[in-house]
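Reader: Hi! I'm new to this one, could you walk me through it?

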Amino acid sequence: MTDVVLETRDLVKHFKGGIRAVDGIDLQLRRGETLGVVGESGCGKSTLAKLLVGLETPTSGSVMVRGQDMTRLRGGEMRRARRNIQMVLQDPYTSLNPRMTVGDIIGEPFEIHSDVVPRGKRQQAVQDLLDTVGLNPDHINRYPHQFSGGQRQRIGIARALALRPEIIVCDEPVSALDVSIQAQVINLLERLQDDFGLSYIFIAHDLSVVRHISDRVAVMYLGKIVEQGHDVAIYNQPTHPYTQALLSAVPVPDPRLRGHRRQIVLEGDVPSPADPPSGCRFRTRCWKAQPVCAEQEPVLQIRERSPHPSACHFAEINRIH
Amino acid sequence: MTDIKAQVDVLPGLDPRAPLLQINDLHVEFRTRDGVAKAVNGASFWLNPGETLAILGESGCGKSVTAQAIMGILESPPGHITRGEVRYRGVDLLKLREDERRRVRANKIAMIFQDALSALNPVYTVGFQLAELFRAHRGMSRGDAKNRAIELLDQVHIPGARSRVNDYPHQFSGGMRQRVMIAMALALDPEVLIADEPTTALDVTVQAQIMGLLAELQRQRNMGLILITHDMGVVADVADRISVMYAGRVVEEAPVYDIYAAPGHPYTRALLESIPRLDLKGQQLTAIRGLPPALTDIPQGCAFNPRCGYAKEPCRQDPAPPAYAIAPRRTARCHFFREVLGD
């Protein structure tokens, strides 16, 4: 398994107040692959992103980048290892410093990692990056407010590319953008993946965007992965009731399906991550729940009726679309 | 006499046989330091009882400003309605005095917003805020008003309404808060509800709950619903008709089935094509090139022409394309609608 570039083992992050944001996540990312992570607000997907790039320290467990445990590295070793895993953030309005020029924003990684590009060649490197993401290299001295939302997201992508990472963690990279601009940014991310052999963790709540870009998909609920598999398996043959409910709730842009679509409407809200239900965390909203679901936590594994890993005692394929 | 409902029914010129809501050639501009931003440039549409009209468009297309103008809650200055009519049952609301306008608001036309947390007052209980409507508009006693508030929370399916009526907005989840806002909007039995991105801030499973609730309440009351959204999935699910807005104009107007089957305006077509679809997996998405125009500097002719694959010389010249009747109950502001329909 040498092509695994990123792996987490039993990754846990608890916050003050007993909030179990990420509660035991195992995932693997292979070279050139896109792993989509979907889930609703509060499921822990953004905390997971921060753990992966080292912006949060895990409570326990490990993040392995190319076999190196990131959580054990310190100082210079840590800095060098981090070059390999970069991040694109959701909000292009707040994630760029308004007082810095675009050139300084994209060039800042070179200041911190001064051995990557020699000082004299940095401006050229920044202009090349602007060109790579489809911005005008002559705009290097402009400020973020002089760009539109979609262009700002391109600036964020250029910054993530600066240190030539193998892995980019994209946390809701297009959810702040209008659909017509979303498509431009998704196309750019796909082109960059081909050009540079990048691996992506693509975190989003928009299931159709995730389906479009991902090779494999992990579905999160209350800090855990409840189902994981190839995109086709997850979208066409979901076996976990939560995945089924999530997929059925997505409105389909085709009015002819109105009234013919089977919709599973979940009751109530997601429970508090400070006090998750015993056993299966989804059981309080699940129509299949039995006494065993409260007593025994279902493991994420391949099951008799689930050809891909599913964390449900009663996992069973249920076509939604 | 404190019953304002009775007073609304004697508005001058009110004609029960006239269309429920009719917007004609509405123009709104914002006078700012950077110049005049033309947010709405001749929007026209109508709404019938029991019907759902979706106003579809991206950020800055003027859809929310149009709603604010209809409601009479446009911030002015800087916003100014420079031309047009907003007719409710034949009465032009823009010509009413503010006190008459107030009676129409909430009683006849109500609105819900994207962000329920900032739309509700954080320092009063939801019960107080709901009851206030009945006390101010219906002259009810405190006790009666509170009982009506509990009934309403029950109607929007908030569990344990009798105790939750004493909770503050921050004690509710996002979805429950949106239910409170719906209860507040529907308190005085309006005939028109304007919902401005009501589910955009919500998770998809909660979105399904809220859209289901709106549909149920609309059926019970035969209410006209204007749904303002950018989500083409939601529109396909609930709308009867669609008005697509771009740079402050309605560029296409059509029944929902027709528009998804064959869009008549290049912008509508491009929007539909930019949604990721299963059969296009692994291929490039069809992005719309460029950016929407700045509202202080809208292109001559058709505002979409610099981004449009169909654009030819006439598109770049004023006047803007008229609303061509392209089929029964369908209009599109595109000189080349025949080509667009044919593709």
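Author: Happy to; here is a short tour in questions and answers.

Author: This is a predicted model, in which local features need pLDDT of at least 70, side-chain atom pairs count only at pLDDT 80 or more, and totals for chains, interfaces and linings use all residues. Residues are numbered from 1 along each chain as its sequence is written, and chains are lettered from A and ligands numbered from 1 in the order in which they are written.

Reader: Thanks! Which domains does chain B have?

Author: Chain B has domain 1 (4-239) and domain 2 (245-342); the bounds come from an automatic or database domain assignment. The C-alpha centres of these two domains of chain B lie 28 Å apart.

Reader: And how many residues of each are in contact?

Author: In chain B, 24 residues of domain 1 are in contact with 16 residues of domain 2. Contact here means that the C-beta atoms of two residues, placed from the backbone, lie within 7 Å.

Reader: Which elements give two or more residues to the domain 1 side?

Author: They are strand S2 (35-47), strand S3 (52-56) and helix H10 (232-238) of chain B. S2(B) gives the largest share, eleven residues. Helices (H or I, at least four residues) and strands (E, at least two) are DSSP runs, numbered from the N terminus.

Reader: What kinds of residues are on that side?

Author: The domain 1 side that touches domain 2 in chain B divides into 13 nonpolar, seven polar and four charged residues. Ala, Val, Leu, Ile, Met, Phe, Trp, Tyr, Cys and Pro count as nonpolar, Asp, Glu, Lys and Arg as charged, and the others, Gly among them, as polar.

Reader: New topic: what order do the strands of the open sheet in chain B take?

Author: Eight strands run in the order S6-S7-S8-S3-S9-S10-S12-S11 (chain B), with mixed pairing. Two strands pair if DSSP finds at least two bridges between them. The edge strands, S6 (109-112) and S11 (324-327) of chain B, each pair on one side only.

Reader: How do S11(B) and S12(B) pair?

Author: S11(B) and strand S12 (residues 330-332) of chain B are antiparallel, over three bridges. B:Tyr324 stands opposite B:Ala332 in S12(B), and B:Ala325 stands opposite B:Thr331 in S12(B). S11(B) and S12(B) form a hairpin with two residues between them, and B:Arg329 in the turn has a positive phi of about 60°.

Reader: Nice. How many residues does each chain bring to the contact between chain A and chain B?

Author: Chain A brings 29 residues and chain B brings 34 residues. On the side of chain A that touches chain B, H6, helix H7 (207-213) and helix H9 (241-249) of chain A give two or more residues. H6(A) has the largest share there, six residues. That side of chain A divides into 14 nonpolar, nine polar and six charged residues.

Reader: I clicked on A:Ser175. Where is it?

Author: A:Ser175 is in the loop between strand S7 (167-171) and helix H6 (179-196) of chain A.

Reader: Why does A:Ser175 count as partly exposed?

Author: Because A:Ser175 has 14 C-beta neighbours inside 10 Å. A residue is buried if 20 or more other C-beta atoms lie within 10 Å of its own, exposed if 12 or fewer, and partly exposed in between, with C-beta atoms placed from the backbone.

Reader: Which residues does A:Ser175 touch?

Author: Not counting residues up to four places away in sequence, A:Ser175 touches A:Gln90, A:Ala204, A:His205 and A:Asp206.
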